[in-house]
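Reader: I have a structure on screen and some labels to test. Can we go through the reasons behind them?

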Amino acid sequence: MCLAVPGRLLSVEGDDPAFRLGRVDFCGVKKTVNLAFTPDAEPGEFLLVHVGFALTRIDEEEAHRTYQYLAQIGALAEEGLAPPDPNGFATLAEQGLAP
Amino acid sequence: MKYVDEYRDPKIALAVTGEIARKVTRPWVLMEVCGGQTHTLMRYGIDELLPPAIEMVHGPGCPVCVTPLEMVDRAIRIASLPDVIFTSYGDMLRVPGSESDLFQAKANGADVRVVYSPLDAVKIARTNPNRQVVFFGVGFETTAPANGMAVWQAKREGLRNFSMLVSHVLVPPAMRLILSSPLNRVQGFIAPGHVCTVMGYREYEDLVSEFHVPMVVGGFEPLDLLESISMLVSQLEEGRAEVENQYVRSVNPEGNLAAQNILREVFEVSDRQWRGIGPIAQSGYKLRQEFADFDAERVFDVGDSHAEEPKECISALVLQGLKKPVDCPAFGKRCTPMTPLGAPMVSAEGACAAYYQYRRHATAIA
């Protein structure tokens, strides 16, 4: 229940800190995530997401490893996510969102 | 994927277990508090890789497991009211109350919906202005800021049809209860990594100075746990007791201040009942008076009810690390994940369910 899933922040919308939202890529599945607890997060960074909220920023290598781990233990479905795309996280350029 | 899997590399795992074996000179009893960590330990058989001198006991850190029976009964009662949409994290649906569960309520016609985020529940309230939308707010400190933010947003938007059935619990008071018991056997703790991502670990330093017990804030992957155990063994063998942080990649000493601000604004600390354990003073959150309109227990007259756990269930002892699941005569026989007698068999993160799934062959350890 305390699991958190890593994703890459693609874009940010909104100026109000409490309602600031990010589009986050979870290895192919894109979801909207609340950024109230990571007010400094910027597109391109990796976030650890728990029940729709980013809890902290993590580095890219950690994000990949944790994602594979969660896929292996079958925890992604619990968070409403599909198994990881074999190509890993899309880059911003691939999303048409070059930084 | 290009990244090497070093946190699950068996060679590194063996190196760490070898290091632990070299350091150990006498028996130590260690507890992982978080249910997610219990699950990893069982799934990867980490406790069986350790030298026999290290005994792992499993803590109460599974929010689904410790949500009181009465609260599940209240959830079912609210969900069954006409014009209510009851929303919940998926894990809570098959938790048995005293007579039924939320799945059963749904089968009987209640509008029960699984959401992945409390904000999804707020969205449902926005789009269904003529229905009352209730969210089952369970969880430890990891989840409480998200649930708190949902209430905060609902108030700011002036939503009149959203409320939360709050059943939030806190980790440090449960650790204090375990440490204060005259029967306590735990000599070192793995503190929960994501709870500390939110809260930092100052509260754990207080516990360490009070009880002189080492603690290591640990992550959730197999090697995280092995490293945490190794750090605890070093402290114990050297006679040190301090808080160390194994999960540095996510946890800093002060935690997430933005999340803590929302917790303070929306919730106040209150006494809470823990399933299997009983009441623990100042061990959870309730909504502050300013948010009373969003408190489902006030919005709906749910009454006061008391329900008894089955007498045969030894979950109180399991959740405090005093007994192992396999010590229970009902384990795997009258109590299984499909027919749970008590809290730790309910959720996949509960100690009994983890033993049932990965250690059915185990017999009681004398």
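Author: What follows is a short exchange on helix packing, domains and chain contacts. Keep in mind that this is a predicted model.

Reader: Why are α1(B) and α12(B) called roughly parallel?

Author: The axes of α1 (residues 10-23) and α12 (residues 222-238) of chain B cross at roughly 15°. Angles under 35 degrees count as roughly parallel. Therefore the two helices, α1(B) and α12(B), are roughly parallel to each other. Their axes also come within 10 Å. The crossing of α1(B) past α12(B) is left-handed.

Reader: What makes the contact between α1(B) and α12(B)?

Author: On α1(B), the contact residues include B:Ile12, B:Ala13, B:Val16 and B:Ile20. On α12(B), they include B:Leu223, B:Leu226, B:Ile229 and B:Val233. Two residues count as in contact if their C-beta atoms, placed from the backbone, lie within 7 Å. By class, this contact has nine nonpolar, three polar and four charged residues. B:Glu19 and B:Lys23 of α1(B) belong to the contact, and Glu and Lys count as charged.

Reader: How do you know where the domains of chain B begin and end?

Author: The bounds come from an automatic or database domain assignment. For chain B, that assignment gives domain 1 as 1-299 and domain 2 as 315-358. Their C-alpha centres lie 18 Å apart. The contact takes 26 residues from domain 1 of chain B and 19 residues from domain 2 of chain B.

Reader: Which elements of domain 1 of chain B supply at least two residues each to the side that touches domain 2 of chain B?

Author: They are α2 (35-43), β2 (54-61) and α4 (63-66) of chain B. α2(B) gives the most, with six residues. That side of domain 1 divides into 14 nonpolar, eight polar and four charged residues.

Reader: Turn to chain A. What is its pattern along the sequence?

Author: Chain A reads β-β-β-β-β-α. That comes to one helix and five strands.

Reader: What makes a residue of chain A count as buried, and what percentage do?

Author: The test is 20 or more other C-beta atoms within 10 Å of its own. In chain A, 44% of the 99 residues are buried.

Reader: How many residues bring chain A and chain B into contact?

Author: 39 residues of chain B are in contact with 28 residues of chain A. α8(B) holds the largest share of chain B's side, five residues. By class, that side has 20 nonpolar, twelve polar and seven charged residues.

Note on methods. Residues numbered from 1 in each chain as written. Chains lettered and ligands numbered in written order. Predicted model: local features only at pLDDT ≥ 70, side-chain atom pairs only at ≥ 80, totals over all residues. Axes fitted to C-alpha atoms, helices over the stretch in contact; angles between N-to-C directions. Helix = DSSP H or I, 4+ residues; strand = E, 2+ residues; numbered from the N terminus. Parallel < 35°, antiparallel > 145°, perpendicular 65-115°, else oblique. Left-handed = near helix turned anticlockwise from the far one by under 90°. Buried ≥ 20, exposed ≤ 12 C-beta atoms within 10 Å, placed from the backbone.
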